[in-house]
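Welcome! Here is the structure to look at, with a short guided report below it.

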Amino acid sequence: MAEARTANNQAYSLAASLDLLAAQTLRDDLLERFHGDGGLTISAEAVERISTPCIEVLVATSNAFSGTERKFRVESSSACFDDAMHTLGLTEYLVRWRQT
C-alpha cells in the first residue's frame, strides 16, 4: 500500500489482495490518516480481491470523515472493487465516494 500527501489531501492506495487478515492493518492505516490533516483519496484500482470486513472498514472510515469538513473519496477502482460494493448493496457509497 502506497501513500502520498498534498497540502489538503492524503492519498492511499489499496493493496491487490484485501482478505480478512488485511482488515486490521487497513483499519489501523486509515485511522492514522483520519487523525492526520486534510481529506483522504483512496485508489482502489489495484484491488483484485476484497473481503467484506475490509469494505466495512472503508465504510466506517467514510462515515467518520462525513462528520468532519474533510473529504473521503475513491479516485479510481477496479472492476473487482466495484463488483464487491454492488454485491453488498453499497452502490450508493461508491457513487458518493466518487462525487466528493
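What follows is a walk along one helix and then a look at some salt bridges.

This is a predicted model, in which local features need pLDDT of at least 70 and side-chain atom pairs count only at pLDDT 80 or more, while totals for chains, interfaces and linings use all residues. Residues are numbered from 1 along each chain as its sequence is written, and side-chain values use heavy atoms, with hydrogens and water left out.

Let us begin with helix α1. Helix α1 (residues 22–34) has 13 residues and spans 18 Å from its first C-alpha to its last. Its buried residues are A22, A23, L26, D29, L30, R33 and F34 (buried means under 20% relative accessible area, exposed over 50%, partly exposed in between, with a 1.4 Å probe and protein chains only). Seen down the axis of α1, these buried residues fall within an arc of 140 degrees, so they line one face of the helix.

Now to the salt bridges. The structure holds 5 of them, each a side-chain nitrogen of Lys or Arg within 4 Å of a carboxyl oxygen of Asp or Glu. Three are listed here.

| Pair | Closest N and O atoms |
|---|---|
| D19 and R49 | 3.6 Å |
| R98 and D82 | 2.7 Å |
| E92 and R96 | 3.6 Å |

R98 lies in helix α4 (residues 91–99) and D82 in helix α3 (residues 79–87), so this pair ties together parts that are 16 residues apart in sequence. D82 is buried at 16% relative accessibility, whereas R98 is partly exposed at 37%. E92 and R96 are 4 residues apart in helix α4, about one helical turn; E92 is exposed at 56%.

Key:
Helices (H or I, at least four residues) and strands (E, at least two) are DSSP runs, numbered from the N terminus. The expected span of a helix is 1.5 Å times one less than its number of residues. The arc is that of the directions from the helix axis to the C-beta atoms.
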